[in-house]
Amino acid sequence: MNKEAIKELIYKMADDAMIIGHRNSEWTGIGPVLEEDIAFSSMSQDKIGHAWALYDVLHEQFGEKDADKNAFSRSEKEYKNCQFVEMPIGEYEFSLVRHYLFDKAEWLRYESLQHSSYLPLAQLAKKMRGEIKYHVMHAETWMNQLALHGNEESKSRIQSALNESYPMALAIFEEGADESALINDGVFIGEQALLALWKAEVSAFCARIGLSLPEKADASNYLGGRKGYHTEHLAPLLAEMCEVYLLDPSAEW
Amino acid sequence: MVSNTQIEVLESLIWDALGRVQDPEIPVLSLVDLGMISSIKISKELIEVYFMPTFTGCPAIDMMQKMIIEEVERTTAIKTAVIIDRVHAWNSDMISEAGKKKLVKFGIAAPNIKAGCGVTMLDLQSVDCPFCESNDTVLRSPFGSTLCRAMHYCNHCKQSFEQFKPVSH
């Protein structure tokens, strides 16, 4: 097996979970209704837990820094999350549509990874998919409520959030440096295969709730995250997220 | 060497000790009731307790590990280690029948479906109310006060209640 390619795969998954976890936690205390405030907070806790478990694998199997150090003391360039998850939370409809598009991709990724030939990842995926299932169900409930059963304003706001986020979401599937090694070794089905599954499910769901996907969506403006190139939004996020840890990295919590 | 009989006695002492370690978030349930202990390994110098967290991101994991070590060491005077089981994953079918009864008595509905068949939103509707046993209830949110709970409302006794979420493997 190609260890470098596996490490790269785990890093991007861990960083995606960590950054979306932090972003969604920004809804704590300001959610549009109490249940949504709690839901976004709970999902953040799940995501940060997933990041922690993945950083643990990197620490134990690849000799990387321990989970806390890895999460909180890397430079911006070393984070391999896609740019989509670092975008500010915006209005609620942007956060909801991102939550739907991202978690649908996460669900399919972990569904496929439970059959991975790389055992530590297969074991984690089995555990995490049951939790991510709840995230997808939550997103679909509110997408359905606001797009299909809402009023003109909620429908048009969800549609424009979808138009804005869909190209960003396509960049989740930016390929790694050695994708073919992962595919040939049975570690991972590969980003292209995942993208095809995701597109089929997203377009069927959106059609069912009366949304249309942008016709000419192009990911190219949002690529680069997997190589460490980020938007201007990541640096301030990291500064805030790591602030307390960096006051005294040796502190015992 | 420790004899087989000694090991059996020790093993039952350890399970008793684990039965006294309560979930910090639901203090009427032990980790054994919740099915969170997958196995124990005993040698003369070390007891290893294999532990399956209910949710990956559960913030009580560290605390529960410390509580296990404290209780088992106090009971056996043998050094104890807690190892997170990476091979077996917890699912909500692992909660014992006694555990489910204790949950309901505490005011939290038990997971209502067999895990492993894929939870759907429909499964989360019409959970029996732990207060009046009515089935006329609705899901308010699949997320609640802790990672493992969902929020429901009972139309019959007009009370909100929580459910320990069904989680499949």
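1. How many residues of chain A are in contact with chain B, and with how many residues of chain B? In this predicted model, 24 residues of chain A are in contact with 19 residues of chain B. On the chain A side, α2 (34–62) and α6 (119–148) each supply at least two of the residues that touch chain B. Sorted by class, that side of chain A has 10 nonpolar, 8 polar and 6 charged residues.

2. Helix packing in chain A. Two packed helices are described by the angle between their axes and the distance between the axes. For helix α1 (residues 3–25) of chain A and α2(A), the angle is about 155 degrees and the axes are 8 Å apart. Angles over 145 degrees count as roughly antiparallel, so α1(A) is roughly antiparallel to α2(A). The crossing of α1(A) and α2(A) is left-handed. In the contact of α1(A) with α2(A), 16 residues are nonpolar, 6 are polar and 2 are charged. Helix α2(A) therefore appears in two places in this note: it packs with α1(A), and it supplies residues to the side that touches chain B.

3. The sheet of 3 strands in chain B. This open sheet has the order β3-β4-β5, and its pairing is mixed. Strands β3 (37–42) and β5 (79–84) of chain B stand at the edges; each has a single partner strand, so one side of each is left without a neighbour in the sheet. From one strand to the next, the twist averages 20 degrees.

4. The pairing of β4 and β5 in chain B. Strand β4 (residues 46–51) of chain B pairs with β5(B) in the parallel sense, over 6 bridges. B:F51 stands opposite B:I84, a residue of β5(B).

5. Helices on that sheet. Helix α2 (residues 61–76) of chain B packs on the sheet and touches β4 and β5 of chain B. The direction of α2(B) makes about 150 degrees with that of β5(B). Helix α1 (residues 4–19) of chain B lies across β3 and β4 of chain B, and runs at about 140 degrees to β3(B).

6. The sheet of 4 strands in chain B. Here the order is β6-β9-β8-β7, in an open sheet with mixed pairing. The edges are β6 (108–109) and β7 (137–141) of chain B, each with a single partner strand, so one side of each has no neighbour in the sheet. Strand β6(B) is joined by 2 bridges to strand β9 (residues 159–164) of chain B, and the two run parallel. B:I108 has B:E162 as its bridge partner in β9(B).

Definitions and conventions. Residues numbered from 1 in each chain as written. Chains lettered and ligands numbered in written order. Predicted model: local features only at pLDDT ≥ 70, side-chain atom pairs only at ≥ 80, totals over all residues. Contact = placed C-beta atoms within 7 Å. Nonpolar A, V, L, I, M, F, W, Y, C, P; charged D, E, K, R; others polar. Pairing = 2+ DSSP bridges. Axes fitted to C-alpha atoms, helices over the stretch in contact; angles between N-to-C directions. Parallel < 35°, antiparallel > 145°, perpendicular 65-115°, else oblique. Left-handed = near helix turned anticlockwise from the far one by under 90°.
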